[in-house]
Each structure stands twice: as structure tokens, then as C-alpha cells.
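This report describes selected features of one protein chain. The sequence and structure are shown first, and the description follows.

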Amino acid sequence: MKNIIKNRAGLVTALTVLSSFALAVTPAAAVPVLFGANNISVEGGGDTSDLAAGALVTVTGALLQLQLADGSTVTVPKGSSFRITGEGDALAIEIVSGSLRVDSKGTPITVTHDGSSITTTGGGFSAFASASGGLDGRVNGGTATVSSGGEEQEFAKGEGYLASSGGVAGTFTPPVAGAPQYASNQTQYSSADQRGPDGNAQVADDALGNGGGGYGGTPPVTGVIVPVTGTEYADRIILYAADAVGIDQRSDVTVTIGDDGELNRYTVGDGANEDLERNSNDSLERGNANGEVFIERWAGGETHGNYYNDYNGPTTAELGRTSYQGYHLAYGEPGTNTPTTGYASYTLAAATNPTFDKGQTAPGTFTGTLGLTFGPLFKVGVEFAVAMPGDKTYLITTAGGAAAPSATINYPAEGRFAVPNIAVAQGGIACPTSNCTAVVYGLIGGDAASSVGIAYQIIDFSSPPDATGRSTRLSGAAAFTQGSYDAGGGGGGGGDQAAVESGTLDAPFRTPASGTYFGNALFAPILTGQREATITHDLVFDESGAFIGFRGTSNGSGTYRLNDGVIADLAGTAYMQIGRWNGGTILKNDESYFTVGGWQGVPYLIGVPINNNALPTSGIATYALSAATAPIFASGAFAPGVFDGSAAILFGASGGNQWKLGLDATVTMQETSGEVIYNISTLGGVVDPSQSPISGSIAFYTISSPVGSSICVSTTCQVDIRSAIVGGPSGRDAGINYAIYQNSSDAIMGSALFQVIGNDVLYDQDINMMVRAIGPGNNVVTGSLGSYGAQNDTITHEDGGGLSQFGVPGNFQNYNKGTTTVTGGSANGLTWSRWSNGTATSAYLANNQIELGANQAIHTVTGGLATSLPASGTAQYTLAGATAPTIADGSAAPGTFSGTLGVAFGAYGDARVGVDFDVAIGGFTYNILTTGGSATPGTSEILLNSAGFTNSHVPVAAAGGPACTGATCEATVAGFLTGVGATGAAISYAISSNGSPNLENTVQGVAAFTSAVP
């Protein structure tokens, strides 16, 4: 731990200063907080980064970790309370409630509760405050002395204890090791090494030099076949990491173990045709954890048999390895009774000496700790240090380390797990570039996960291999034994945090009738290499219009549902929406995909991308941040952070209708080192977006890694814009969702919305709207429109209600209220209007002045086209609002409208719309009634075609009145359904002797209806 911490950037000054003095805590110093200063409350207030004696400290967040000057640590989980009761050359802590873990590097540390105490000097233990008084726990390393009730006993590593007023008792001893039996962390040298007079191996000076095959170390023993001897043990799992071979894991393995515990052969029985023998290699650094998981390194000889398959078997299986190289293995039986909840910490029991692919230095040393969180999400945390002589120490650390596991993976199959892509800092032989990662494969063994074996490899994919497949990779294996287990512990991470539900919508998202791309969803945690899914089809919304499901058909194909979760940071308009699913079990293809709390989830961006030809052709528009999801770590290792920024769009980029989006933006996170700020601004920012790499839905660029970042450990880090969408009227709205990472299984993720500044007209507009309009025909009023229907209109809302414009700007069919009086209303996404008593205008080159008297009108109703229509069933609609009906020539005062509407859903030809309307005007009431009326729409004359309908011969109950002076009377009824699931309906109508809307005495109007979905 000490070596790891001293190499972390951004630690608090107090800790840096302490590390340069003697190992013991000085009498005047408070105890510094290494991790979790934001996770505690201190009674009466006070500093939370250096805890003074006496005050009651309660851990409110995931975890608290204290560190003394010599590297000793005290780790306290959520919900525990304690007091520091003594400082100086020794540390004393009173547990008030809960538990803690101690790892002393030399400073005497004592924990007390209700008259019981446990003390260690240079050891480790867990201590739980018993509800009935006293302490219980387990010794994890070294020895510890337990005192209570006048008794005192010493316990060794692996032993459990119980201390109460009645005395001290032991509760657990390590299990008896079964076959095969290994010496504890046995270390040997290859027989090919030259020996000095003291029997120790001599290290060659030419580490890069002239060993066998040009690799460092002494040449391998080759050209011999060593017969396989030993006892076979079936049903094992094996993990390995090696030069040329790489890293992998196998199940259904039979191992052959020699008399001294050496692994002489392993055979894979799952059809992989893998059968490899140690042959002339030495079995080095043999070790085990609890006699359950075993490790060793093959080196100094030549393997024999077949590796993986017939194709590469002869090539790879018979490679020789010098004494500086190695084939590192870990194996054992799958564990039994693996916990389904809780947190377990693990201490190192044995490790092989890590080696480079080409033996560039002598073998090194490995140290580290490991933690596992069991539950709906299985998480792994590692803190490893790999020291190579003459080179450097490499750190393999997941966010939160072993104390707060954060690498979320699929639950271990057959006791195996894999953590890929852990970022490793650039530098040294293994990491010549920033493209350097570590991979850790694991095996859970023993009863109740009492042991863990791993194989690991540090890989720089920019480093080319030689003819044998060797490059700069660094490999090793290790075995760990469980130090402590807390059945209620979460070990940190987002799965244990409370669900977060927040935010509101400006308008429900309006899904267009067609389209194959609507944005992107990011996944936190990242499972089996999948960090996202493209949103392409079947968008699902709840009753408020919030996004709760979709189908992806490209990246991350499958059907996803929010299920029992909630949405955090919900925000959006009719054209764009963001939010973060969290606090429940996310479904994929109707099966549980992962379960998350409030620190993880699915940040999403959905939008309706506007066609470039509907955007401005030049100029720069600036955008302000309107909403953002709190950025999260995919691992949930740290609390959600803050996004801040602005944007600018250059229209007409590259000499065409393209656009470029520039960002000035930061993401601020609280991590182990403190506040870390990621500047994700694009080149040129908002001042010069022409330099930005964001010119479409997906973009990639690098940023400088901030000091103290837990995921960006080299000089640069990558930003992925997973979706950039411009939408709304003239590109009024813009959105991005993004991921920040560095070749890592972890990432920072989030989404943001922006809206244009300085063009308020756009905020009154809507695009891609359905419109039904009706007014006097040209034979009645010069330039008028008669009957009008469109499905991709731009509309402008009138401040007092209704519309002030509809049509297609720049097109001859574009209408404006002009000087007319506007009355209207809106409900359920529908808006209706009546223009009268003035001059309306159109975009016709001639006859573009439409003179309307007080009793004449142009009537309009508009809304978004319905999506997700029911496939069957009947829905009843009630009146939400209507315009006062008028006669085309204005010969009677406006009247009144009432009525109901019904829809029978189904296939075309079967789907129908039934109506029962009463239109009163000029002292006469017209009843527009389809066969069966609205109550039985399945027998109606009006066919429903997708979401639209029309019929020019709908029966009117009786002729007469101003509209039907002859013997016949009919109505033209046209309209559309609106909303998700067809929750609304809009109609225009015209009543005349033959249903024509263009006669002088035609009665006209529009109406809007609303309904619950069947």
C-alpha cells in the first residue's frame, strides 16, 4: 500500500509531509484521511481531512480510509461510528458501532469496544462491535493480541476471535490444506542459472543481452522430452499469462501434479485441444492460498504438447523460455457457497516473480491487495504494484482500489472473472506509449470465496511483437486469501447508493413517424466490453413523455427497458431529451441486464436530428447550457459530479450544409485525490468552432489528463462524443452524450443539452407538425385556402394562444395571421386557432392578401403525428377544445361545437374513426354522425390510414339551416391522431349540400380531442 500511495498524484499536503518523517505518528498530528473525506460527519464539526482525537466520527458514505505516516491504514465502512482516543507513537480507536479493518506497517494500533481490545504491531485484523458487547473478527496478517474479561490471547493470521466480558475465545482457524500440498510461497531459481558460492543465483549484467534466442537471462534447456509424472486432478480452472502466449483462462481442466507439488501438465477438456506439458522448464515460485488456489512460473526450459489448437500448437507449445521469462499459472477448483451479498478483502498469500516477454530485466516482485463485492453486481477492486529491477514500479489500480471495488463485470461464470483494460501510466519498458493497459483474470476458490487466484498482464498495444509474438508485455500470477468478509458490506460503488429521481420536461418528446437514428445510451457499469447502445427503433415513453425504452439495431443491438428504475436529471423539449436511468434492474431483451443504485445507470440522449437543408447555410450561433445529467463513473466508484459549459455551431461548414459544434466544457469529479476537473473543450472552443472535431453524430478527440485522475494515468485521455444532435426549429436545440476514458474498463459518462442564444423567435416555433386548416375557398375570398392538410409544417405559436403562422417558410404555402384577430387554445399537445376580422397573408406571388370579416375565419388545428398506435382495441375521445364554427361568406354569427370521437384500431381497412358532432349556427344544429357514431367506430364510413383519416361524404342527420338549403347535407371530416399511443385526435370539418369546403354557405371549423390509450 505504501509504495502505491507514494506514487499517486494529488495527495493532500499533510500526507506528503508526514511520509518524510519517522514511521510513528507524532504526538501533535491528527490522523489524516486518505479516502472518503466527503463520506463522514464529525460531531460538533471540524476538519474532515485530518481527524483529531475525541470527536465522534460517523461514516455516511461508501467508505473511509485513514493512513498513518508509515503506510498503516484503518478502513471504516458506511454506517460505522468511532472515536480516536489516543495518538502519538501508537494509535487507539474506540468503535462506537459498526466495524473497521486495520493494516499496521509497524505502528501499534489498538481497537476497543465495551472493555474489549485488539492490538497489532505490523499485522492486520478486522474488528466488529458486538451488539451484546465486546469485539469479534479475524486476524488477516501477522499476529494480534486480544484482551477482555481479564484474559489475553494472541491470534495468528487466518484465526478468528471473540472477546466479551466473559473472556476471549477463538472462532475460526484456516482449513487444512488438501492435495496437492505446496510449500508456502516457495521460491527457486532455474537450473539454467549460474550459482554463486553462497548458492544464490547470479543476475546477468546484460539484461537485454545474449541469452537464448537473444533474450535476457540464461538460455533454456531445450531438445529434451521429459516424461510426465504425477497425480491427475480433474474439474479445475486454470489461468495463465506468458510471453508470446498472452493471457487467458480455461475451465474443464485436468492438472497433473508431481510429488513436490509442481504442475507438470494441464489438459483442457472443452474441445479446445489444449494439452501442455512443463517438460524441461523449472517449476518456480510455487505457492498457494489456503491449499485451494495454486500458482507457479515455468521458465528455463521448453514446453511440450499442444497450445490451444492444431494451428498454433506446434508454433507456440514448444517455445523455450530463459530464466528471465515465464509462463505464469494459477489454478484450482471452482469455489463453493460463493456469497451473493457482501464485501470481502483479500491479502497476498503468494506470487510469482513477474517477467517481461523478452526477459528485458531479471524477474521482479509483486505486492498488492484485492477486494470483491458480491451482489446483483459483481465488482472487483485491485491495488497491485509490480516492481521490475532497473526499470520501474508499475501500478495496476482500479478506481477506489481494493477497499472500494469498482470494476463491474458479469457475475463470475464457473468461479472465473476478467477485468480488462485497467489503465496503466506511460513509462518504463512495458508502457512505451499512453496506449498501455492491464488485464486481470481471476479464479474464486474455496468455501465462501476464501481464496482467489489471478493471472495478470500489462500490455502496450502500440508495442510491436517480434517473430515469436513477444513484445514488451509484463506477466505474473498471484494467490490471495480472504482477510475479512462483511455480509452487509458494499465495498463502495454505485450499486449501494440510493436511487435518484429528479428533473422535469419542457415538453414530451415528439417521435417522428420515420427515422432510424435517435441518439445513444451509455451503460454504467460497462459489462462484457459493452459501454453503450445506439437508439434506433421502438422508442417507449411513460405517461409524462419521459423515455423508458428502446430497441437498438446496430451498436449494442437488443431491446432495453428502464423496468423498475427511475430517471435522474430528466430534461428536454419536443426535439431532444436527456436523463439517467438508475435505481433498479435494467432489462435487455426482457431479461435482467444489470442492477444499479444512484451512482450508476444509463445516461441517454435522444433527439430528432434536423435535415441539414433546414438549417442556416452560414454563420455561428452560440448556445447556453440548458440541462445536463450529473456525470458518473461507469464503475460507481465515486459520487456523481458536475458538468458545465457552453457551445457554438458553425453552419455551412466545409462549404456546404454541414455544421461543426465547438465546446467550452468541464466535468468536475470528486475522486480519491480530491477535486479533479476534466476540460473537454474542443480545439477552438466556442470562439472558433471550425477547428472542432465534432461535425457529425460521433467524434473522438484527446484532452490533457488532469492531475489526480483515477482513469487518465498518462499525459492524455480520450473523449468520445457518442452522439451530437442538432434539432428543433433552425437548429435551436443541440445535445451531446460523452464518455471520458483511457483504454479503461472505467469511464466518466454523461449527457448535456444546449439551446441557442439571441433568437427568441425560435422558442415560439415548432417544426414537423401535422396541420389541418379550413377557410373560405377562393370563389368566396380572394387568395384563401379552402381545405388544407400537411404533415411537416413549421408553426409559430401566438402569445395569447393559438397560432400566428403555419406552413413551410420559403414555400408558396406559408400563411401568417397578418392583422387578423386570433383566438385559440391548446391541450394534450394540440393547438387550435381561429383568424378573423382582418387581413391574413400567404406566400403566393399574387392574391396573397386574405381579407376576413368578423364572421369569417381561417380555422387551424395542429400537433405532432401519433406514434406507437395500438394494434387493436377501441378508444373513446372527449372534446378538449374547438373553434367557434363560421360560415364561409360570413352571413351568420359564429356558432358552437360539441361532440365525441371514437377510434377502432387495427389493420388498414379495419381501422376506423367514428364521430358524433353537433354544430350549431344560424339557428340550426347539424348532427355529423357516422354509422355507429363514436360509440361503435368499427362500423364508421371514415377509414383510419396509419394516423390520418378523411371522408368527404359523412352523413349529416338533416338538411336545412344556412349550410344545406336543398335536400342533401353532407360533411367532409379530415384529421389525424397525435401523441404516443394516439392519446389525442384533431379534426377539421366542412358542412354543405355535398360536403364541399368551397361553397359560400359552407359551415367550417376545427376541434381537438383527448383520450386514455385503450
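## A strand pair

In this predicted model, strand 40 (residues 558–561) pairs with strand 43 (residues 584–588) in the antiparallel sense, and two bridges join them. One residue to locate here is Y560, whose bridge partner in strand 43 is K588.

## The surrounding sheet

Strands 40 and 43 belong to an open sheet of five strands, ordered 38-39-40-43-44, with antiparallel pairing. The edges of the sheet are strand 38 (537–541) and strand 44 (591–596); each has a single partner strand, so one side of each is left without a neighbour in the sheet. From one strand to the next, the twist averages 20°.

In general, strands of a sheet pair through backbone hydrogen bonds, in either a parallel or an antiparallel arrangement.

## The chain as a whole

The chain contains 73 strands and three helices. It has 1014 residues, of which 57% count as buried. When contacts between residues at least 6 apart in sequence are considered, 60% of them join residues at least 24 apart.

## Surface

The chain exposes about 35,700 Å², and carbon and sulfur atoms supply 49% of this area. On the surface, V221, V224 and V226 make a nonpolar patch of about 180 Å².

Within this patch, V221 lies in the loop between strand 17 (167–172) and strand 18 (231–242). V221 counts as partly exposed because its relative accessibility is 35%, a value that falls in the class between buried, under 20%, and exposed, over 50%.

Conventions. Residues are numbered from 1 along each chain as its sequence is written. This is a predicted model: local features need pLDDT of at least 70, side-chain atom pairs count only at pLDDT 80 or more; totals for chains, interfaces and linings use all residues. Side-chain values use heavy atoms; hydrogens and water are left out. Helices (H or I, at least four residues) and strands (E, at least two) are DSSP runs, numbered from the N terminus. Buried means under 20% relative accessible area, exposed over 50%, partly exposed in between (1.4 Å probe, protein chains only). Contact means heavy atoms within 4.5 Å. Accessible areas come from the Shrake-Rupley method with a 1.4 Å probe; for residues, only the protein chains shown count as cover. Patches are made of residues with over 30% relative accessible area and no salt bridge: like charges are joined within 9 Å, nonpolar side chains (Val, Leu, Ile, Met, Phe, Trp, Tyr) within 5 Å. A salt bridge is a side-chain nitrogen of Lys or Arg within 4 Å of a carboxyl oxygen of Asp or Glu. Two strands pair if DSSP finds at least two bridges between them. Axes are lines fitted to C-alpha atoms, for helices over the stretch in contact, and angles run from 0 to 180 degrees between N-to-C directions.
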